[in-house]
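Open the model in your viewer and keep the selection panel at hand. Each stop says what to pick and what is there.

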Amino acid sequence: GFKETPLRTRQAALVEVMEHWNTRRKREVKCCVFHSVLRTASSTLEGLMSWPCSQSMLQGVTWQCSSCALLNGDSDEECYFCGLEQTEASRGASSEAGSEPSSEEGVEHH
């Protein structure tokens, strides 16, 4: 199985996506645009919790990046997140996503 994607990679991936959002400035967040968009992301994620369960969430995942531990599909020749090229070593022995997590070690976005 694959190891858990580290917290820092998950955070950096979310920030990268949020950098492409144009949202209304939240009145309760007065400090900066980053925290305003983060508040919007939080409410967006909370709204997704009401969606029905999905067993197909990780279908198509066939390899995990050996650098950032992001999951990728068979058609991805390089990691979607950090750009590391797919190698046989990064494909892993199993394509069983969502297996037992490992420790939360930090990996920075390149």
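Select Leu-14. Its relative accessible area is 46%, so Leu-14 counts as partly exposed, above the buried limit of under 20% and short of the exposed limit of over 50%. This is a predicted model. Leu-14 sits in helix α1, which covers residues 7-18.

Now add Leu-45, Leu-48 and Trp-51 to the selection. Together with Leu-14, these residues make a nonpolar surface patch of about 430 Å².

Next, show the whole chain as a cartoon. Count three helices and two strands. Trace the chain along the sequence and the pattern reads α-α-β-β-α. Colour by burial if your viewer allows. Of the 110 residues, 24% count as buried.

Then turn to the largest pocket. How much space lies in it? About 660 Å³.

Select Ala-13, Met-57, Leu-58, Leu-70 and Leu-71. Of the 17 lining residues, these lie nearest the centre of the pocket.

Which element supplies the largest share of the lining? Helix α1 does, with five residues. Strand β2, residues 71-73, is also worth highlighting: α1 and β2 each supply at least two lining residues.

Last, colour the pocket lining by residue class. The lining divides into 10 nonpolar residues, six polar and one charged.

To finish, keep helix α1 on screen. Leu-14 of the surface patch has its place in this helix, and the same helix gives five residues to the lining of the largest pocket.

Note on methods
Residues are numbered from 1 along each chain as its sequence is written. This is a predicted model: local features need pLDDT of at least 70, side-chain atom pairs count only at pLDDT 80 or more; totals for chains, interfaces and linings use all residues. Side-chain values use heavy atoms; hydrogens and water are left out. Patches are made of residues with over 30% relative accessible area and no salt bridge: like charges are joined within 9 Å, nonpolar side chains (Val, Leu, Ile, Met, Phe, Trp, Tyr) within 5 Å. Accessible areas come from the Shrake-Rupley method with a 1.4 Å probe; for residues, only the protein chains shown count as cover. A salt bridge is a side-chain nitrogen of Lys or Arg within 4 Å of a carboxyl oxygen of Asp or Glu. Helices (H or I, at least four residues) and strands (E, at least two) are DSSP runs, numbered from the N terminus. Buried means under 20% relative accessible area, exposed over 50%, partly exposed in between (1.4 Å probe, protein chains only). On a 1 Å grid over the protein atoms alone, a cavity is a set of points where a 1.4 Å probe fits but cannot get out, and a pocket is an open set with protein on both sides within 12 Å along at least five of seven lines; lining residues have an atom within 4 Å of a point. Grid points are joined across faces, edges and corners, and a volume is the space filled by probe spheres set on the points. Ala, Val, Leu, Ile, Met, Phe, Trp, Tyr, Cys and Pro count as nonpolar, Asp, Glu, Lys and Arg as charged, and the others, Gly among them, as polar.
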